[in-house]
Amino acid sequence: MAYNLLKGKKGIIFGALNDKSIAWKVAEKAYEEGAEFILTNAPVAFRFGEINELAKKCNTIAIPADATNITDLNNVFNTAMEKFGGKIDFILHSIGMSLNVRKGLTYDNLNYEYYKKTIDISALSFHKILQVAKTKNAINEWGSVVALSYVAAQRTLYGYNDMADAKAVLESIARSFGYIYGREKKIRINTISQSPTLTTAGSGVKGIDGLMDFTERMSPLGNATADECANFCITMFSDLTKKVTMQNLFHDGGFSSMGMSLRAMEQYNKSFEKCD
Ligand SMILES: NC(=O)c1ccc[n+]([C@@H]2O[C@H](COP(=O)([O-])OP(=O)(O)OC[C@H]3O[C@@H](n4cnc5c(N)ncnc54)[C@H](O)[C@@H]3O)[C@@H](O)[C@H]2O)c1
């Protein structure tokens with residue numbers, strides 16, 4: 001059911017790769033809620049053509065841009081401002097990638113060139129987007145910017161590797177830039193810390209199936225899906241959350257506040273039964 005929460009709002013959505021992507025779901029819901037936006041993703045993401053299908057469905061365009069490249073980002077913002085005849089109201093940063101994870105290198109055996117890429121793609125790109133937007137004065141007052149994060153920024157989770165460091169930087173950028181944007185432009189900047197989710201990026205995480213079963217058992221409300229994450233993003237872009245800024249907002253069914261649950265304990269105890 002749509003509520004017209006984003007009627008009249010314009011935005012930019014980074015990171016829709018396929019119909020599993022969180023950004024894809026956000027685009028679908030933003031469209032349903034009356035927003036106009038442009039889509040963008042890394043040039044390689046256009047090879048499969050799916051993003052153009054989404055653009056068609058949402059009556060918009062998709063622009064290739066490497067989010068670590070300032071020239072590309074300038075082009076994205078220029079295109080959006082031209083298309084909408086002025087400033088935008090919301091931005092979604094839904095970007096993450098680690099070559100160390102992809103190549104199976106562990107945290108005590110990192111390739112530092114890959115490590116720099118992880119930080120650049122998954123965290124500094126957020127700073128670059130915010131800095132380019134600020135230089136162009138591209139966001140309206142009371143606009144809203146959201147980036148997607150993960151609880152590994154605060155707690156160590158086996159296998160999340162250098163992405164944990166990237167997420168810690170990402171969340172810090174939201175606070176540091178959130179202060180400046182709030183003070184000068186009344187614009188809010190937040191991160192949403194999402195449950196493990198079966199997307200292309202999510203499937204790259206070591207032991208994702210076991211992890212998802214564990215977090216499902218640990219979370220009183222169960223894991224949050226990509227659709228549910230998209231709903232939360234929409235409320236963050238709407239005028240209903242105008243005074244929320246510089247926050248890392250957990251969207252994880254309660255996982256981040258749990259130590260041990262009955263359901264996880266029952267499963268854990270089964271391993272002892274097997275050993276006897
Ligand atoms: N899936 C999960 O379990 C999970 C949990 C918490 C947070 N997140 C975060 O959600 C965000 C979206 O991931 P997803 O799960 O939807 O997976 P996804 O693979 O669908 O999205 C990741 C996106 O990053 C894009 N990207 C990679 N390098 C880029 C570059 N140089 N420039 C521009 N775009 C680039 C990819 O093309 C892709 O569209 C990521 O920040 C991810 O870390 C995911």
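**A tour from the ligand outward**

Start at the ligand and select helix H7, which gives the most to the surrounding shell, with three residues. (Helices are DSSP runs of H or I of at least four residues, strands are E runs of at least two, and both are numbered from the N terminus.) This is a predicted model: local features need pLDDT of at least 70, side-chain atom pairs count only at pLDDT 80 or more, and totals for chains, interfaces and linings use all residues. Residue numbers start from 1 along each chain as its sequence is written.

Now show the whole shell. It holds 26 residues, and the closest are Ser-21, Gly-96, Thr-199, Ala-201 and Gly-202. A residue counts as near the ligand if its C-beta atom, placed from the backbone, lies within 6 Å of it. Color the elements that give two or more residues: helix H1 (22-32), strand E5 (139-149) and helix H7 (200-203).

Next, select H1. Eight of its 11 residues are buried, so the helix is largely enclosed by the rest of the structure. Buried means that 20 or more other C-beta atoms lie within 10 Å of the residue's own, with C-beta atoms placed from the backbone. Among the buried residues of H1 are Trp-24, Lys-25 and Lys-29. Step just past H1 to Gly-34, where phi is positive, at about 95 degrees.

Finally, zoom out. The protein has 10 helices and seven strands. Its C-alpha trace spans about 70 × 45 × 40 Å along the principal axes. Of its 276 residues, 43% count as buried.

Terms used:
A residue is buried if 20 or more other C-beta atoms lie within 10 Å of its own, exposed if 12 or fewer, and partly exposed in between; C-beta atoms are placed from the backbone.
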